[in-house]
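Work through the exercises below with the sequence and model open. Try each task before reading its solution.

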Amino acid sequence: MSTFLLEIVTPERLVFSEQVDRLKATGIDGELGILAGHIPMVTPLKVAPLAFQAGKQRTTYAIQGGFLEVRADKVVVLADSAEKANDIDVDRARAAKERAERRLNNRSQDHTDFRRAELALQRAMNRLKVSSSGENR
Ligand code: ATP
């Protein structure tokens, strides 16, 4: 099977840069499966897992929103933040989830705080899902 270069980039650093066989991501319009030779495209990504396979090795990252760009020579994921399954601090994500849920239950706050809490909850749940996916490396 032919491979392609996958780069995962955050504002802080180049997180990942290796050849992979296939990639599964969640764009705003739904799930995307990408193999070598995919037509060039750009799509915003949801706060969701990103899974890829290189040989027998499967890896999952928690992607906290951003963009996926398929170029002729590589696939670039530009993410607000990206953590590999076994780098996720589960206690921290649980605490973030509880904090967000408390804020969502507090009806006295304004719309902006509510939206922020919703987004924080999405990030925490994404991290918890990825850390329990078992696809570590
Ligand atoms: P928290 O409220 O715990 O800070 P957050 O969702 O607000 O969570 P972000 O702003 O998305 O955090 O991320 C800030 C930085 O912390 C990023 O570099 C991100 O990779 C890292 N990070 C956040 N939560 C975790 C976690 N549970 N495990 C590992 N790294 C994390």
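## Exercise 1: a loop residue

Pro40 sits in the loop that joins strand 4 (30–35) to strand 5 (41–54). Strands here are DSSP runs of E with at least two residues, helices are runs of H or I with at least four, and both are numbered from the N terminus. The model is predicted: local features need pLDDT of at least 70, side-chain atom pairs count only at pLDDT 80 or more, and totals for chains, interfaces and linings use all residues. Residues are numbered from 1 along each chain as its sequence is written, and side-chain values use heavy atoms, with hydrogens and water left out.

**Task.** Decide: is Pro40 buried or exposed?

**Solution.**
- Step 1. Fix the classes: buried is under 20% relative accessible area, exposed is over 50%, and partly exposed is in between (1.4 Å probe, protein chains only).
- Step 2. Read the value: Pro40 has a relative accessible area of 59%, so Pro40 is exposed.
- Step 3. Look across space: the C-alpha atoms of Pro40 and Asp73 are 9.5 Å apart, with their positions 33 residues apart in sequence.

## Exercise 2: two phenylalanines

**Task.** Place Phe52 and Phe16, then classify each by accessibility.

**Solution.**
- Step 1. Phe52 belongs to strand 5. Its relative accessibility is 4%, so Phe52 is buried.
- Step 2. Phe16 belongs to strand 2 (residues 14–20). Its relative accessible area is 6%, so Phe16 is buried.
- Step 3. Add distances. Phe52 and Arg115 are 63 residues apart along the chain, and 31 Å separates their C-alpha atoms. Phe16 and Ser131 are 115 residues apart, with 18 Å between C-alpha atoms.

## Exercise 3: the whole chain

**Task.** Describe the order of elements, then set it against the UniProt domains.

**Solution.**
- Step 1. Count: the chain has two helices and eight strands.
- Step 2. Order them: β-β-β-β-β-β-β-β-α-α along the sequence.
- Step 3. Take the overall dimensions: along the principal axes, the C-alpha atoms fill a box of roughly 55 × 30 × 25 Å. Of the 137 residues, 39% are buried.
- Step 4. Bring in the record. UniProt lists residues 6–82 as "domain: ATP synthase F1 complex delta/epsilon subunit N-terminal" (unreviewed entry). UniProt also lists residues 87–131 as "domain: ATP synthase epsilon subunit C-terminal" (unreviewed entry). UniProt positions follow the numbering used here, feature names are shortened, and annotations may be inferred rather than shown by experiment.
- Step 5. Check the content. Residues 6–82 are 0% helix and 75% strand, with end C-alpha atoms 14 Å apart. Residues 87–131 are 82% helix and 0% strand, with end C-alpha atoms 8 Å apart.

## Exercise 4: the ligand

**Task.** Which residues surround the ligand, and which elements give two or more residues to the shell?

**Solution.**
- Step 1. List the shell (a heavy atom within 4 Å of the ligand). It holds Glu12, Ser81, Glu83, Asp87, Ile88, Asp89, Arg92, Ala93, Arg99, Arg123 and Arg127.
- Step 2. Class the shell: two nonpolar, one polar and eight charged residues. Ala, Val, Leu, Ile, Met, Phe, Trp, Tyr, Cys and Pro count as nonpolar, Asp, Glu, Lys and Arg as charged, and the others, Gly among them, as polar.
- Step 3. Take the side-chain N or O distances to ligand oxygen atoms. Arg92 gives 2.9 Å. Arg99 gives 2.7 Å. Arg127 gives 2.8 Å.
- Step 4. Compute cover. The ligand alone exposes 590 Å², and the protein buries 67% of that (Shrake-Rupley method, 1.4 Å probe).
- Step 5. Assign elements: helix 1 (90–105) and helix 2 (111–131) each give two or more residues. Helix 1 gives the most, with three residues.

Note on methods:
Near = heavy atom within 4 Å. Polar contact = N/O pair within 3.5 Å; in protein donor to acceptor, adjacent residues only side chain to side chain.
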